[in-house]
Amino acid sequence: MPARIKRDDEVLVISGKDRGKRGKVLRVDPKKDRVYVEGLNMVKRHERPQQVAGAQRAEQVGGVIEKEGPIHLSNVMLLDPSDMKPTRVGFEFHEGKRYRIAKRTATRID
């Protein structure tokens, strides 16, 4: 299945605890159909302090750390770059290349 949502895309969460919020995609996990959106679905993780090898022997702090959790691809919609409204994604082929298009305005995304 071709990638409909990629890194650095603006998306809108359409279901779940963060419904209605927007954010930028930090990373995509295509094998699990998940995306990580900046500042959304924050989860707490308990991490131990780590020693970083190097000249000054800096230490990475531990404790309770908040970071973005995964959101299923079906729960996010791409925002149309022309008017920032949610749209479905289609594909068009032009001179042997595949381009993503926004279905609501038929404009190219990339």
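# Strand pairing and core of a predicted all-strand chain

R27 stands opposite Y36 in β3. The structure is a predicted model, and R27 falls within strand β2, which covers residues 22-29. β2 and β3 run antiparallel, with four bridges between them. The two strands form a hairpin with four residues in between, and D33 in this turn has a positive phi of about 55°.

On to the chain as a whole. Its secondary structure amounts to 12 strands and zero helices, so that reading along the sequence gives β repeated from start to end. The radius of gyration is 18 Å, whereas a compact globule of 110 residues would have one near 13 Å. Along the principal axes, the C-alpha atoms fill a box of roughly 55 × 35 × 25 Å. Of the 110 residues, 25% are buried. The chain exposes about 7900 Å², and 48% of this area is supplied by carbon and sulfur atoms. Among contacts between residues at least 6 apart in sequence, 41% join residues at least 24 apart.

**The six-stranded sheet**

Six strands make up an open sheet, in the order β8-β3-β2-β1-β9-β10 and with antiparallel pairing. Its edges are β8 (70-72) and β10 (86-87), each of which pairs on one side only. The bridge counts for three strand pairs are as follows.

| Strand pair | Bridges | Direction |
|---|---|---|
| β2 (residues 22-29) and β3 | four | antiparallel |
| β3 (residues 34-37) and β8 | three | antiparallel |
| β11 (residues 89-94) and β12 (residues 97-102) | six | antiparallel |

Two residues of β3 can be matched with partners in β8. R34 has H72 as its bridge partner, and V35 stands opposite I71. In a regular strand, side chains alternate between the two faces of the sheet.

**The nonpolar core**

Which residues have the most contacts inside the largest nonpolar core? They are I5, V11, V35, V37, I71 and V76, in a core of 13 residues. Strands β1, β3 and β9 (76-79) each give two or more residues to this core. The V35 and I71 just named as core residues are also the pair that stands opposite across β3 and β8.

V76 shows how these parts meet. Apart from neighbours within four places in sequence, V76 is in contact with I5, V11, L12, V13, I14, V35 and I71. The list includes V35 and I71, and also L12 and V13, which belong to β1 (10-13).

**The β11-β12 hairpin**

β11 and β12 form a hairpin with two residues between the strands. Within this pair, F91 has R100 in β12 as its bridge partner. E95 lies in the turn and has a positive phi of about 55°.

**Positive phi outside the hairpin turns**

Where does D8 lie in the chain? D8 belongs to the segment before β1. Its phi is positive, at about 75°, although D8 is not a glycine. D8 counts as partly exposed because its relative accessibility is 45%.

A106 is also a residue other than glycine with a positive phi, near 60°. A106 is found in the segment after β12. Is A106 buried or exposed? With a relative accessible area of 57%, A106 is exposed.

Methods: Residues numbered from 1 in each chain as written. Predicted model: local features only at pLDDT ≥ 70, side-chain atom pairs only at ≥ 80, totals over all residues. Heavy atoms only, no water. Pairing = 2+ DSSP bridges. Buried < 20%, exposed > 50% of the residue type's maximum accessible area, 1.4 Å probe, protein only. Core = buried A, V, L, I, M, F, W, Y, C linked by side-chain atoms within 4.5 Å. Contact = heavy atoms within 4.5 Å. Rg over C-alpha atoms; globule rule 2.2 N^0.38 Å. Areas by Shrake-Rupley, 256 points an atom, 1.4 Å probe, with all protein chains shown as cover.
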